Amino acid sequence: MTAIERLARLSPRETAPDSLAEVAPFLDEEPSILAAGADVVGAIATVPVVLIALVLGRAELLLVAFGVGLGAAVAVRGVLLAVANLRESRALGAAPTLVGRAVLRLRIAPTAEGAAAFAARTDGLLGDRLAEHVRRARGTPRSGLGAFADGWRDTFPALYRAVTLLEAAANAPDDERDRALDRAMETVLDGAETRAAEAADSLQGPTTAVYAFGVLLPLALVAVLPAAGAAGVEAALPAVVVVYDVVLPAGLCCAAGWLLAARPVAFPPVPVGRDHPDVPDRRWPPVVVGLAVAVGSWLVVGTLLPAWTRPLAAVGFGGGAALICWFRPIVSVRRRASRFDAGLPDALYLVGRRVADGVAVERAVADAADDLDGVVGETFTAAERRGRQLRVGVETAFDGALDGVPSKRGESAARLLGLAAREGPPAGRALVETADHLDALARVEAEARRDLGRVTATLGNTAAFFGPLVGGATVALADSIDASTVIDGSSPDAAALGPAIGAYVLLTAVVLTALATGLSRGLDRATVGYRIGIALPLATSTYLAGFAAASVAAGGL
């Protein structure tokens with residue numbers, strides 16, 4: 001029995017709220033158990049406050065205890081919903097890939113069981129759920145596709161319709177099968193495209209609010225701090241630090257989490273680990289590079305700008321350099337894989353045409369390798385050479401050639417080429433259709449990212465340029481106001497205000513860059529880390545340049 005189940009047994013709750021019931025397919029436990037566990041967590045959170053109320057004899061604290069318990073229970077449910085929504089976005093982003101794998105398998109060998117097993121190899125939640133249904137269907141007349149489709153009827157109707165069409169196509173006559181398979185692919189692609197477009201529209205307003213009220217407005221208010229002091233309103237440094245470096249970043253993190261959880265579709269990149277041959281596993285080079293850049297920034301910036309800018313320069317430039325050095329190898333491997341995926345449809349088309357004309361798959365792969373260039377040409381050449389030298393089949397040859405190219409589409413194509421080698425010329429047309437489907441899938445992903453890009457571009461530019469520029473200029477403006485207008489030194493000068501606002505600028509660069517990257521690319525650690533590594537030096541240099549330019553214009557420095 002898990003810990004959450006033990007907590008749930010202490011609660012009288014037997015049903016789950018609608019919000020949790022709607023995301024049940026993406027939760028590891030029953031929604032009613034999770035809701036009951038959240039109630040118990042809320043009850044436990046009230047205990048310390050109740051004890052304090054009893055010791056002090058303050059009955060009014062019991063109301064505080066009730067609020068604390070209710071808030072804790074709501075917070076736990078919110079975390080559960082956020083996790084479920086993130087899983088949903090990643091899972092539904094893999095829906096076209098899963099359906100595409102089944103379609104390709106059915107074009108070569110029209111059996112529902114084989115298509116279900118082949119599609120179940122898709123990474124992620126969808127593949128795991130389909131694999132579970134396939135295991136349950138073994139030894140029965142069913143394939144598992146029907147039961148899998150029923151589970152997504154309400155959550156993702158397009159996936160339900162597409163998988164239903166797949167099962168119908170497996171039993172359809174030859175002249176109707178291709179039409180059903182085309183409809184299945186079109187259905188799931190249209191569904192993913194529609195959800196992505198709706199996501200971009202729904203996120204436009206909230207991201208604008210984050211941009212306006214979470215960044216630009218707080219930075220603009222920095223310039224009025226001296227005026228607040230002149231009006232008798234204390235704006236001491238501790239208050240500025242708490243508001244700008246604790247409260248506002250925490251609010252931005254909450255808003256970013258909510259926006260990421262509300263994203264309905266994500267196309268996560270292929271995982272690349274430190275065991276990849278092109279990714280060094282040594283941890284010290286990024287640290288050394290980061291420290292060297294930090295020390296150099298400290299020395300150089302300190303000779304040009306006031307002393308308070310040195311720590312910011314060291315953190316911004318040094319931290320960014322370390323992140324870039326650490327994650328760049330993984331990003332480079334992914335870019336190589338993306339170039340391979342972009343050229344794969346042409347390669348499969350060339351192979352498919354030759355196979356349809358009666359050429360053996362091995363010979364067709366060798367001919368296509370001569371006509372292709374770039375990463376895909378290198379991979380096909382390596383596969384042809386490996387198969388010829390080791391005398392292994394096409395699928396085995398490609399498995400070795402793809403060691404340096406982490407591409408799930410490449411792995412699927414290798415298995416299809418292996419099937420085509422066994423089926424002969426009839427598989428040629430299926431390979432040509434595969435190329436068309438891969439083109440369509442790439443188009444949907446590109447359009448989804450383009451739709452979201454219109455939303456995330458503002459966030460990225462704010463993190464690296466607009467926000468830091470406004471922050472630097474307002475700090476300089478606040479410092480340039482006549483000191484006589486400040487009462488009893490209640491408002492901090494640039495030497496105190498600059499680091500506090502600079503820290504906020506860097507935190508904003510981290511949060512907004514992570515949000516923009518997560519919305520457009522998914523919450524992948526390497527991608528997010530690399531983008532933050534680029535954003536930090538840009539934000540630091542823009543902030544310092546804005547401060548320097550505004551100070552010169554105001555007669556300072």
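This is a conversation between a student and a tutor about a predicted model of a protein.

Student: What should I know about the model before we start?

Tutor: Residues are numbered from 1 along each chain as its sequence is written, and side-chain values use heavy atoms, with hydrogens and water left out. The model is predicted, so local features need pLDDT (the predictor's confidence in each residue, from 0 to 100) of at least 70, side-chain atom pairs count only at pLDDT 80 or more, and totals for chains, interfaces and linings use all residues.

Student: What is the mean pLDDT, and where is confidence lowest and highest?

Tutor: The mean pLDDT of the protein is 79, with 85% of its residues at 70 or more. Confidence is lowest in helix α1 (residues 3–8), at a mean of 55, and highest in helix α13 (residues 284–304), at 90. Over residues 482–489 the pLDDT is below 50, and this stretch has eight contacts in the model beyond near neighbours in sequence; contact means heavy atoms within 4.5 Å.

Student: How many helices and strands are there, and what makes a run count as one?

Tutor: The protein has 21 helices and zero strands. Both are DSSP runs numbered from the N terminus: a helix is H or I over at least four residues, a strand is E over at least two.

Student: Why is phenylalanine 398 called buried or exposed?

Tutor: Buried means under 20% relative accessible area, exposed means over 50%, and partly exposed lies in between, using a 1.4 Å probe and protein chains only. Phenylalanine 398 has 3% relative accessibility, so it counts as buried. This residue is found in helix α17. Leaving aside neighbours within four places in sequence, phenylalanine 398 is in contact with Val365, Phe380, Ala383, Ala414 and Leu417. The C-alpha atoms of phenylalanine 398 and leucine 417 are separated by 9.2 Å, and these residues are 19 apart along the chain.

Student: What makes phenylalanine 380 and phenylalanine 398 an edge-to-face pair?

Tutor: Rings of Phe, Tyr and Trp (its six-membered ring) pair if their centres lie within 6.5 Å; planes under 30 degrees apart are stacked, over 60 edge-to-face, and the rest tilted. For phenylalanine 380 and phenylalanine 398 the values are 4.9 Å centre to centre and 75° between the planes, which makes an edge-to-face pair. Phenylalanine 380 lies in helix α16 (residues 374–390) and phenylalanine 398 in helix α17 (residues 394–401), so the pair ties together parts that are 18 residues apart in sequence. Both phenylalanine 380 and phenylalanine 398 are buried. By this rule there are six aromatic pairs, and ring pairs link Trp308, Tyr543 and Phe547 into a cluster.

Student: Which class does arginine 391 fall into, and why?

Tutor: Its relative accessible area is 76%, so arginine 391 is exposed. Arginine 391 sits in the loop between α16 and α17. Its phi is near 55°, a positive value in a residue other than glycine.

Student: How do you know whether arginine 409 is buried or exposed?

Tutor: Arginine 409 has 17% relative accessibility, so it counts as buried. Arginine 409 is found in helix α18 and touches Asp341, Leu344, Leu438, Leu441, Ala442 and Glu445, not counting residues up to four places away in sequence.

Student: What makes an empty space a cavity, and how many are there?

Tutor: On a 1 Å grid over the protein atoms alone, a cavity is a set of points where a 1.4 Å probe fits but cannot get out; a pocket is an open set with protein on both sides within 12 Å along at least five of seven lines. By this rule there are two cavities of 30 Å³ or more. The largest cavity holds about 150 Å³, the volume being the space filled by probe spheres set on points joined across faces, edges and corners. Its lining (residues with an atom within 4 Å of a point) has 16 residues, with Gly100, Arg101, Leu104, Arg409 and Leu438 nearest the centre. The elements giving two or more residues to this lining are α5 (95–108), α18 (408–423) and α19 (426–480).

Student: What is the volume of the second largest pocket, and which residues lie nearest its centre?

Tutor: The second largest pocket has a volume of about 280 Å³. Its lining has 14 residues, of which Gly460, Thr513, Ala516, Thr517 and Arg531 lie nearest the centre. At least two lining residues come from each of α19, α20 (494–521) and α21 (525–553).
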